[in-house]
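Q: Could you help me learn to read a protein model, taking one feature at a time?

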Amino acid sequence: MRVSPILKELGTYPFVEVDQAKRRALAAGRSLIDFGLGEPREPVEPFIRDALIEGLDAAQGYPRSAGLPKLREAIATWTERRFGVALNPEREIVPTLGSKEAIFSFAHLVVERGGEKDTVITTEPGYPVADRGARFAGARVTELPLRAAVGFLPDLDAVGAETWSRTALVWLNYPNNPTAAVATGELYERISALAAQHDFIVASDEAYSEIYFDAPPVSALQCTDRSRIAVFNSLSKRSSMAGYRSGFLAASPEIMAAVRTFRPMIGATPQEFVQRASLAAWLEESHVERMRERYRQKRELLLSLFGRAGRRVAGAAATMFLWVETEAGETSTDLALRLLDAGVVVTPGSALGPSGEGYIRLALVPTFADCQRAVTILEDVL
C-alpha cells in the first residue's frame, strides 16, 4: 500500500520508540518507575467528574465547532483572572479537542504550499507535533535550537531576512517542554513586533502555564499587540484531565475567522458532556493549587537527589519536567538505557531534537512514593 511520502520521511513518533523499549522491559518481567511520558496520573477531581456525569443527557448531538457559549465564557473568565487579558468569548475563543490536534492542524490555515509564505519556524528540542503538522501542511520547516547559554530561548537574530520574508508561522512553547524554561515578556513583545514587520502568525503552546514553582509565567496573550498571536492551552496538565481531551485556542478575531472556517471541516470539538466538565474545571482554582503542590514535593525530592549526585539540572523553573545534564562522554541514550536497566524510565534528550543531546528528561508523574523508590535506586546508579 502506498502511503504519504511525508509519513515515510518522518517515521515513528519519538515517544512510540520510548514506549516500545519500556514494553520490552515489562515483557521481560521488569518492574519500572516511569518518568518517560509527560502524562498526568493524578486522579481527576470529583467535582469535575460530577459535572461530566450531569452533562450526560439521554441524547447527544454532534458538538458544534464553536463550542458551548458558557464554556467560552468560562475560558474568558479564566484568561482575564490569570493574565489580566479580556477576550471576547464569541470572537476570540474556540474549544479544542485537547491541544495536540489543534497544534498539528494549525499550519494548514496559514501556510501557502509552494507560495511566498511557505515556511514554519519551530524550536528544538521540543514537542514534535508542531513540526510534524507543518510538514504535513507542505511547509518548509526551520528549527531554532534552544540552548542553556541563552536560557533555552530561541535566538531570533539567527533567522535571516530571506527566511523571515517566507515565514507564515512561528511556534513558541513556554513554559517549555522539555527544558522547563520560562519565557519573558520581552520575548513575546519582540516576536509580536517581528510578526507585524514580516507578516506572519505567532502560535504559542502554553499547556504548562499552570505548573510553576515561583512567579506565574507570562502569556503571549499579554502582548501589547496580539493581533497576530494565537495561544493554545489545555486542561490535560492544569487539571490532570488528559483523557478528557479538552483545551482551547485563543486568537484575534482576524485569525479566529480562519479558524472558524477551517475547524468544522475536521470536526474536532470535545463532546458536550466533556465541555460541561471543562467549564467547571476552568472556573475553579483550588484544585490547581493542590496539583502544583504535589509536583513541587516531587520536584524537590528529585532536585535533592541530583544535587547529591553532582548532576546539573539545567531546567526546572516550571512544567512537570526536569532537564538533567548527562556527564561528559555519556550520550543521553546511554544514560537512559542505563537507568532503564535499573528500573527507571526517562526520555533521552536526543529523542526530542538534536539540541537535546546531553540531557535526559524526567516527567514528575509517578506517585510521591514511587519517586521516593526511584531516589533509592538512582542513588546507586548516578
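A: Gladly; keep in mind throughout that this is a predicted model. We can begin with a pocket, where strand S3 (119–124), helix H7 (129–136) and strand S5 (167–173) each supply at least two residues of the lining of the second largest pocket.

Q: Which element gives the largest share of the lining of the second largest pocket?
A: The largest share comes from H7, which contributes four residues.

Q: What volume does the second largest pocket have, and which residues are closest to its centre?
A: Its volume is about 380 Å³. Of the 25 residues that line the second largest pocket, those closest to its centre are Gly-126, Tyr-127, Pro-128, Asp-131 and Glu-143. Sorted by class, the lining has eleven nonpolar, eight polar and six charged residues.

Q: How do I read a single residue, and is Ser-355 buried or exposed?
A: A residue counts as buried when its relative accessible area is under 20%. Ser-355 has a relative accessible area of 11%, and therefore it is buried. As for its place in the chain, Ser-355 lies in the loop between strand S12 (347–348) and strand S13 (359–363).

Q: Which residues is Ser-355 in contact with, leaving aside its neighbours within four places in sequence?
A: With those neighbours left aside, Ser-355 is in contact with Glu-124, Pro-125, Pro-145, Leu-146 and Arg-147. With one of these, Glu-124, the side chain of Ser-355 also makes a polar contact of 2.6 Å.

Q: How should I read the pairing of the strands on either side of that loop?
A: Strands of a sheet pair through backbone hydrogen bonds, and the pairing may be either parallel or antiparallel. Here S12 and S13 pair in the antiparallel sense over two bridges, with Pro-348 standing opposite Ile-360 in S13. They belong to an open sheet of four strands in the order S9-S10-S13-S12, in which the pairing is antiparallel. Its edge strands are strand S9 (313–315) and S12, each of which pairs on one side only.

Q: Which strands pair with S8?
A: Strand S2 (residues 93–96) pairs with S8 in the antiparallel sense over four bridges, and Val-94 stands opposite Leu-249 in S8. Strand S7 (residues 229–234) also runs antiparallel to S8, joined to it by five bridges, and here Ala-230 stands opposite Ala-251.

Q: How many residues of strand S8 are buried, and which way do they point?
A: In strand S8 (residues 247–251), five of its five residues are buried. Gly-247, Leu-249 and Ala-251 point one way from S8, while Phe-248 and Ala-250 point the other way.

Key
Residues numbered from 1 in each chain as written. Predicted model: local features only at pLDDT ≥ 70, side-chain atom pairs only at ≥ 80, totals over all residues. Heavy atoms only, no water. Buried < 20%, exposed > 50% of the residue type's maximum accessible area, 1.4 Å probe, protein only. Polar contact = N/O pair within 3.5 Å; in protein donor to acceptor, adjacent residues only side chain to side chain. Contact = heavy atoms within 4.5 Å. 1 Å grid on protein atoms, 1.4 Å probe; cavity = no way out; pocket = protein on both sides within 12 Å on 5 of 7 lines; lining within 4 Å. Points joined across faces, edges and corners; volume = space filled by probe spheres on them. Nonpolar A, V, L, I, M, F, W, Y, C, P; charged D, E, K, R; others polar. Pairing = 2+ DSSP bridges.
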